[in-house]
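Grab your viewer and a coffee. Below are a few exercises to work through, each with a solution taken step by step.

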Amino acid sequence: MKVQNLKTFFLNVSCGKLISDSARVLDSIQLIIVKIETDEGVNGIGYTYTLRGGEGVKAIIDKELSKIVEGKNPLEIEDLWNKMCMSTDARTHGGTATNAIAAVDIALWDIMGKVERKPLYKLLNGKRNKVPIYDTDSGWLHYTPQELAENAVNLLEKGFKGFKIKVGKRTLEEDIERIKAVRDAIGDSLTLMVDANQAFGVNEAIRRGRAYERYDIRWFEEPTLDGDINDYVEIASALDIPVATGEWIYHRDIFQKLIQKKAADIIQPDVCRVKGITEWIKIAKYAEEHETPVAPHFNMELHTHLVCAFSNAITVEHMPWLASLFKNPLKIKEGYAFAPEGEGHGIEFKDELIGIL
Ligand SMILES: [Mg+2]
């Protein structure tokens with residue numbers, strides 16, 4: 001089998017609402033879709049996303065990565081992935097090129113699944129087809145405590161069992177007011193997480209973390225900038241509350257260091273940022289060997305497959321920004337996300353989007 005050609009498509013995607021955390025406010029993201037066609041009629045679909053700068057991601061795929069995979073056997077994923085990494089090595093330290101490689105890598109795994117006639121999670125030896133899903137999309141920073149409490153009640157009615165709310169308000173008291181409003185509304189019937197999106201310095205992260213702990217918080221996400229592992233070591237050792245990070249980390253070696261140094265209790269790799277499924281699997285395997293839970297960031301459709309495949313992967317994140325683009329939105333029922341059962345990743349873009357490719 002050979003890759004005949006690779007096509008890309010760029011799309012601005014509305015989030016459907018205003019999104020806010022301690023770091024940014026936005027109402028849309030950018031999606032770059034890849035379609036790989038083979039000479040045997042099996043096609044693979046991949047995609048990646050960025051908040052901004054997606055045109056650069058598309059250009060790397062069009063001008064560089066397409067030339068690496070065209071004419072090659074798409075089932076030799078590791079070899080193609082290594083060649084893509086080597087070709088872009090000066091730019092894979094974070095961002096544009098890692099996103100670009102991810103889209104192509106995901107399309108190659110889609111082809112592999114179709115050739116093997118298995119859904120992705122089974123291709124990866126996953127023994128379960130459903131995983132717990134928690135909601136983030138009702139917990140944005142601009143929501144008032146009252147709105148958060150109402151959203152928590154709505155989530156319970158929809159069957160969700162976990163809810164993550166943004167923290168990082170100007171004062172600790174404002175953060176606590178938000179957490180308390182939710183706990184008062186739903187008791188202990190939802191697992192609660194908090195996410196600071198890197199808002200604090202080390203001392204303030206420890207001070208706030210100690211206050212959050214009183215509300216039985218499952219994890220404290222991105223308390224400080226993710227660039228300094230020693231800061232995370234200090235925070236994680238000072239707090240009883242588990243510390244989670246990784247959504248802006250692009251490389252396996254950094255995840256390995258986080259785990260080795262006990263800088264994070266839970267890691268959160270994002271398949272579109274870490275160069276795709278090939279690298280995500282290596283990160284999850286390393287975490288599995290070191291008994292570290294994995295709770296991936298965003299991308300619930302693809303991550304459901306990946307979480308199904310690893311015993312140490314604990315949950316996926318409900319942020320349904322891409323859901324309206326798919327023919328078959330992710331099935332969510334009673335707090336669980338179900339992996340698509342089609343061959344490959346089984347995620348199909350609507351014809352009006354993919355038809356032009
Ligand atoms: Mg986060």
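What follows is a short set of tasks, from the whole chain down to single strands.

Before you start: this is a predicted model, where local features need pLDDT of at least 70, side-chain atom pairs count only at pLDDT 80 or more, and totals for chains, interfaces and linings use all residues. Numbering runs from 1 along each chain as its sequence is written.

**Exercise 1.** Work out how compact the protein chain is for its 357 residues.

*Solution.* Start with the inventory: 12 helices and 12 strands (DSSP runs numbered from the N terminus, helices being H or I with at least four residues, strands E with at least two). The radius of gyration, taken over C-alpha atoms, is then set against the globule rule, 2.2 Å times the number of residues to the power 0.38. The chain comes out at 20 Å, close to the 21 Å from the rule, so it is as compact as a globular protein of that length. For the overall extent, the C-alpha trace spans about 60 × 40 × 35 Å along its principal axes. Finally, 49% of the 357 residues are buried (20 or more other C-beta atoms within 10 Å of the residue's own, with C-beta atoms placed from the backbone; 12 or fewer would be exposed, in between partly exposed).

**Exercise 2.** Lay out the sheet that contains S1, S2 and S3, then find the helices across it.

*Solution.* The order is S1-S2-S3, in an open sheet with antiparallel pairing (two strands pair if DSSP finds at least two bridges between them). The edges are S1 (3-20) and S3 (43-50), each pairing on one side only. S1 and S2 (residues 25-38) share 13 bridges, and Ser 14 stands opposite Ser 28 in S2. Now add the helices: H1 (residues 54-69) lies across S1, S2 and S3, at about 160° to S1, while H3 (residues 96-116) lies across S2 and S3, at about 155° to S3. These angles run from 0 to 180 degrees between N-to-C directions, with axes as lines fitted to C-alpha atoms, for helices over the stretch in contact (C-beta atoms, placed from the backbone, within 7 Å).

**Exercise 3.** Which way do the residues of S5 point, and what hand does the crossover to S6 have?

*Solution.* S5 covers residues 162-166, and five of its five residues are buried. Gly 162, Lys 164 and Lys 166 point one way, Phe 163 and Ile 165 the other. Next, S5 pairs with S6 (residues 191-195) in the parallel sense over five bridges, with Phe 163 opposite Leu 192. The chain gets from S5 to S6 through H6 (residues 172-186), a right-handed β-α-β crossover: with the strands pointing away from the viewer, the path from the first strand over the helix to the second runs clockwise.

Key:
Two residues are in contact if their C-beta atoms, placed from the backbone, lie within 7 Å.
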